[in-house]
Amino acid sequence: MKIVLIALSIIFVVTAAPASKQPVAILKYHNVNDGLGNYTYAFETSDGIKQNEQAQIYNPDTDKESYVVTGSYSYVGPDGVTYAVNYVADANGFRPQGAHIPKFA
């Protein structure tokens, strides 16, 4: 489950970001994993992409084991606007929020 959430997060950032013709440098990188299912990571690139995410495991090694993942990412779109998304992923699904994301009742 954790690997799927991380992969989806990275896919969202990569597909949302415009294609770059210049090499992109990693300006900041932070990654901590306690080996028990809890982790935090963050990175920032020279083309304006930023992402951070934290996960906490609840009820490990039981039939009620679950994760709560929170995070955010932002990128500069082709229109020059910085788009930001905050999200929570837990037993209730993936719930992104951002000024450019439609809100449904």
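Me: Which residue in E4 stands opposite Lys 50?

Reply: This is a predicted model in which local features need pLDDT of at least 70, side-chain atom pairs count only at pLDDT 80 or more, and totals for chains, interfaces and linings use all residues. Residues are numbered from 1 along each chain as its sequence is written, and side-chain values use heavy atoms, without hydrogens and water. Nine bridges join the antiparallel strands E3 (residues 50–58) and E4 (residues 66–76), strands being DSSP runs (E) of at least two residues, numbered from the N terminus. Opposite Lys 50 in E4 stands Ser 74.

Me: Which strands stand at the edges of the open sheet, and why is one side of each left without a neighbour?

Reply: Six strands form the antiparallel sheet in the order E1-E2-E3-E4-E5-E6, where two strands pair if DSSP finds at least two bridges between them. One side is left without a neighbour because each edge strand has a single partner; these strands are E1 and E6.

Me: What N to O distance does the salt bridge of Glu 44 and Lys 28 have?

Reply: Lys 28 in E1 and Glu 44 in E2 are 16 residues apart in the chain, and Glu 44 is the bridge partner of Lys 28. A salt bridge requires a side-chain nitrogen of Lys or Arg within 4 Å of a carboxyl oxygen of Asp or Glu. For this pair the N to O distance is 3.8 Å.

Me: How many of the eight residues of E1 are buried?

Reply: Buried means under 20% relative accessible area, exposed over 50%, and partly exposed in between (1.4 Å probe, protein chains only). Lys 28 counts as exposed at 54%. E1 (residues 26–33) is hardly covered, and its count of buried residues is zero.

Conventions. Helix = DSSP H or I, 4+ residues; strand = E, 2+ residues; numbered from the N terminus.
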